[in-house]
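Got your viewer open? Let's take a walk through this model, one selection at a time.

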Amino acid sequence: MEYKLSDRAKLLSPSVTLAIDAKAKELKASGVDVVGFGTGQPDFDTPDFIKDAAKNALDDGFTKYTQAAGIPELRQAVADKFKRENGLEYKPSQIVVSCGGKHSCYNIMMALCQEGDEVLIPAPYWLSYPEMVKLAGATPVVVEASDATEFKITPDQLRAAITPNTRLLIFNTPGNPTGTVYTPEEAKAIGDVCVEHGIMILSDEIYEHLLYDGAVHQSVATCSPEHQAHTIVTHGFAKAWSMTGWRLGFIAAPEPIAKKISAIQSHSTSNPTSFAQVGGVAALNGSMDHLKVWLEEFDKRRKYAFEKLNTLKGVSCCNAKGAFYLFPNISGTGLKSGEFCAKLLEKQNVAAVPGAAFGADDNFRFSYATSMEQIEKGLARIEAFCNSL
Ligand SMILES: *Cc1c(COP(=O)(O)O)cnc(C)c1O
């Protein structure tokens with residue numbers, strides 16, 4: 001039968017990263033030796049002290065509804081994190097804990113954007129951003145950056161894209177899918193333009209802790225009180241604590257916005273999972289020692305993959321100092337990203353996400369959140385594939 005769907009639902013494209021992942025899993029399940037570079041999550045386990053905290057919470061019967069915006073202990077721990085690591089002052093009433101960083105971004109869009117609003121999205125972008133903008137009824141406006149600028153947009157580009165309808169800039173550094181990190185000066189320059197034009201910034205800082213080569217992350221909110229007043233920082237536990245399945249993220253926002261987001265959440269998901277929040281408290285108040293080990297491992301893989309990718313026929317890759325992605329350019333192979341990745345999976349059983357999904361059809365996303373052994377094996381296959389074209 002024909003089902004009548006909302007215009008909103010019709011506008012939506014399904015997540016390509018999850019689709020590729022599903023396809024690779026299916027092949028794997030049928031016995032094929034697939035090498036997967038499609039993943040968007042660390043290949044490390046959640047640290048034990050975090051699991052223990054959540055287990056204890058369960059055993060203590062902490063299994064009921066909590067405050068919709070998150071338990072006071074967690075909102076305090078988030079406020080403490082911003083003070084300690086970023087020098088930013090927030091009251092717990094400015095913090096909202098949600099069901100993952102993705103949910104945090106979605107809530108922001110729901111609270112700030114509507115029909116007639118334009119939202120600036122630098123490309124390459126995380127593929128959920130434009131879809132969320134559309135769900136809110138607003139219009140995504142893409143501002144393109146390329147390999148030539150290490151995938152960073154310039155203040156002039158930003159200025160040129162602003163219209164009277166511009167409501168919000170989505171700013172993601174360190175970035176997915178490119179691994180690009182804006183320097184503190186570059187981030188400030190982008191923030192300055194937004195402040196000057198009265199545009200809000202959704203600053204997605206989920207990869208804050210994943211930095212290499214001495215790169216520095218500085219939240220755009222830290223540049224001045226005015227910058228902070230124009231910024232909603234979104235963050236979460238998925239990456240630096242490898243808690244993707246826990247569904248736990250948070251925002252820090254000007255109070256009136258935090259209140260509205262909390263109200264939206266109270267009528268949609270209600271609180272994020274009670275015992276997961278207790279794990280979140282442990283994560284934020286606990287040691288980050290696990291991260292040193294992870295970063296060392298990520299960095300080894302990053303260096304190896306970066307060098308190897310740049311030797312491949314038709315491929316060039318600019319360096320990336322954050323997250324766990326590289327974003328090689330494949331225009332020299334004569335293929336666009338969709339065909340490149342489809343053939344790569346078909347001929348060599350290597351899964352990677354086509355750049356088209358991120359608004360960059362000459363690239364693909366290479367995630368090094370997998371073992372060195374898989375990276376060596378997979379890159380050898382990609383090499384054979386490129387040589388065969
Ligand atoms: C992983 C990720 C998030 C958050 O993911 P959750 O699993 O929803 O916490 C947010 N933004 C970007 C750019 C990401 O890559």
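Before you click on anything, here's a word you'll need: a residue is called buried when its relative accessible area is under 20%. Also keep in mind that this is a predicted model.

**Stop 1: strand β5**

Select residues 166–172, which make up strand β5. How many of its seven residues are buried? Six of them are, so β5 is mostly covered, going by that under 20% cut-off.

Keep β5 on screen and add strand β3, residues 118–123. β3 and β5 pair in the parallel sense, over three bridges. To find the spot where they face each other, pick L120, which stands opposite L169 in β5.

Now bring in strand β6, residues 200–204. It runs parallel to β5 too, and five bridges join the two. Which residue of β6 is the bridge partner of N172? Label D204 and you've got it.

How does the chain get from β5 to β6? Select residues 184–197 and you'll see helix α8, which the chain passes through on the way across. This β-α-β crossover is right-handed.

**Stop 2: a three-stranded sheet**

Next, move along to an open sheet with the strand order β9-β12-β11. Its pairing is antiparallel. Colour β9 (325–326) and β11 (353–354): these are the edge strands, each pairing on one side only.

Then select β12, residues 364–367. Two bridges join β12 to β9, and these strands run antiparallel. Zoom in on L326 and look across to β12, where F366 stands opposite.

**Stop 3: the largest pocket**

Time for some empty space. The largest pocket holds about 610 Å³. Show L18, G40, K102, W126 and K239: of the 29 lining residues, these are the closest to the pocket's centre.

What kinds of residues make up the lining? There are nine nonpolar, 13 polar and seven charged ones.

Now turn on three helices: α2 (16–29), α5 (101–112) and α6 (128–135). Each supplies at least two residues of the lining. Which one gives the most? That's α2, with four residues.

For a last view, colour by domain: 7–46 together with 289–388 for domain 1, and 62–285 for domain 2. Why does the largest pocket lie between them? Because both domains give residues to its lining.

Notes. Residues numbered from 1 in each chain as written. Predicted model: local features only at pLDDT ≥ 70, side-chain atom pairs only at ≥ 80, totals over all residues. Heavy atoms only, no water. Pairing = 2+ DSSP bridges. Buried < 20%, exposed > 50% of the residue type's maximum accessible area, 1.4 Å probe, protein only. Right-handed = clockwise from strand over helix to strand, strands pointing away. 1 Å grid on protein atoms, 1.4 Å probe; cavity = no way out; pocket = protein on both sides within 12 Å on 5 of 7 lines; lining within 4 Å. Points joined across faces, edges and corners; volume = space filled by probe spheres on them. Nonpolar A, V, L, I, M, F, W, Y, C, P; charged D, E, K, R; others polar. Domains from an automatic or database assignment.
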